[in-house]
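The following exercises concern a pocket and a helix, each with a worked solution. Please consult the sequence and the structure shown below before attempting them.

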Amino acid sequence: TGTAACIEILGDFNGDGSFTKSDVRYWADGLALVSGQLNRSSGFSAVDSAFGGNFFGTVKSTGASYNNGDSRADVANASGLTAPGWSPIGADRNNGAADADDNKIDLADVNYVLKQFNSTFVTDGAANWSNLNEAVGFDLSADMNGDLVVNQADVTDVVVNVLATKYGDLNLDGTVDCTEKNTIILGLNTPTSGRWAAGDLDGNGMIDAADVALLFGADGVCLGDYDCSGGVDGDDVIAFFADWDNGVQTADLDASGGVDGDDVILFFARWDAGC
């Protein structure tokens with residue numbers, strides 16, 4: 001009669017005849033509006049807030065604690081099924097039912113976000129939903145911060161804000177060790193198809209200066225922490241000079257192609273600055 005609403009009918013957003021978690025995800029992922037614009041971050045936060053916690057049972061590869069809305073970062077799915085440009089499938093891997101590898105934020109999700117703005121549809125490093133030529137070729141489910149653009153800021157949101165780790169954590173276990181740091185440094189100017197795990201932090205297919213900048217940027221490891229201990233102290237001096245004395249490539253801090261006095265000067269400038 002128009003005097004009452006049935007959520008089981010109105011809430012069947014994916015049209016499968018049932019009202020399930022899939023429909024809740026569909027709403028958060030593609031129908032939650034703020035000031036007339038889709039905002040996935042607000043959508044997933046609203047769901048968790050209303051439920052009183054982690055509605056989708058999402059876990060993280062880093063083991064970091066869950067905060068309301070973090071499920072927005074679980075966008076890749078095990079089957080590889082995606083629908084860029086039109087359907088907010090997100091990480092619904094098994095039609096709302098649980099399976100062995102469901103609801104986990106990990107490397108697959110970071111790589112999926114990177115993929116969206118490193119494609120033939122996008123040439124400027126940012127997949128913009130207002131640009132129809134770009135919109136048809138990328139998945140807006142990778143928009144983590146609700147600005148309707150998928151770019152490096154969304155990768156930062158997943159890595160730093162959701163997974164609570166740093167640029168350089170290539171296996172996303174919550175820590176950055178020297179092996180990971182050196183993978184990027186020693187792989188400089190090397191093409192790769194491995195994206196994040198291979199050291200390609202911006203997903204452009206090459207380990208380059210931009211990746212080194214991200215590694216040592218505000219959201220990365222500390223420049224002066226040579227031994228990757230988490231702080232800057234005398235052990236970094238000992239570790240650096242051990243490598244420098246043996247001509248180890250990681251001691252070539254200025255990337256000049258050789259280990260020399262200039263690297264010593266640069267090391268102490270970084271070490272003195274601390275973190």
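**Exercise 1.** Determine which helices each supply at least two residues of the lining of the largest pocket, and which gives the most.

*Solution.* The model is a predicted one.

Step 1. Three helices each supply at least two lining residues: helix 7 (178-186), helix 8 (209-215) and helix 10 (261-273).

Step 2. With four residues, helix 7 gives the most to this lining.

Step 3. The space in the largest pocket amounts to about 400 Å³. Its lining comprises 21 residues, and those closest to the pocket centre are Ile185, Leu188, Asp252, Leu253 and Ala255.

Step 4. By residue class, the lining divides into 12 nonpolar, six polar and three charged residues.

**Exercise 2.** Compare the span of helix 9 with the expected value, and establish where its buried residues lie around the axis.

*Solution.*

Step 1. Helix 9 runs over residues 234-245, which is 12 residues. From first to last C-alpha it reaches 17 Å, close to the 16 Å expected at 1.5 Å a residue.

Step 2. Taking under 20% relative accessible area as the criterion for burial, Asp236, Val237 and Phe240 of helix 9 are buried. These residues lie on the same side of helix 9 because they cover an arc of only 100 degrees around the axis.

Step 3. The cover over the buried residues of helix 9 includes helix 10, a helix that also supplies at least two residues to the pocket lining.

Step 4. On the face of helix 9 turned away from the buried side are the exposed residues Ile238 and Asp245.

Key: Residues numbered from 1 in each chain as written. Predicted model: local features only at pLDDT ≥ 70, side-chain atom pairs only at ≥ 80, totals over all residues. Heavy atoms only, no water. 1 Å grid on protein atoms, 1.4 Å probe; cavity = no way out; pocket = protein on both sides within 12 Å on 5 of 7 lines; lining within 4 Å. Points joined across faces, edges and corners; volume = space filled by probe spheres on them. Nonpolar A, V, L, I, M, F, W, Y, C, P; charged D, E, K, R; others polar. Expected span 1.5 Å × (residues − 1). Buried < 20%, exposed > 50% of the residue type's maximum accessible area, 1.4 Å probe, protein only. Arc of directions from axis to C-beta. Contact = heavy atoms within 4.5 Å.
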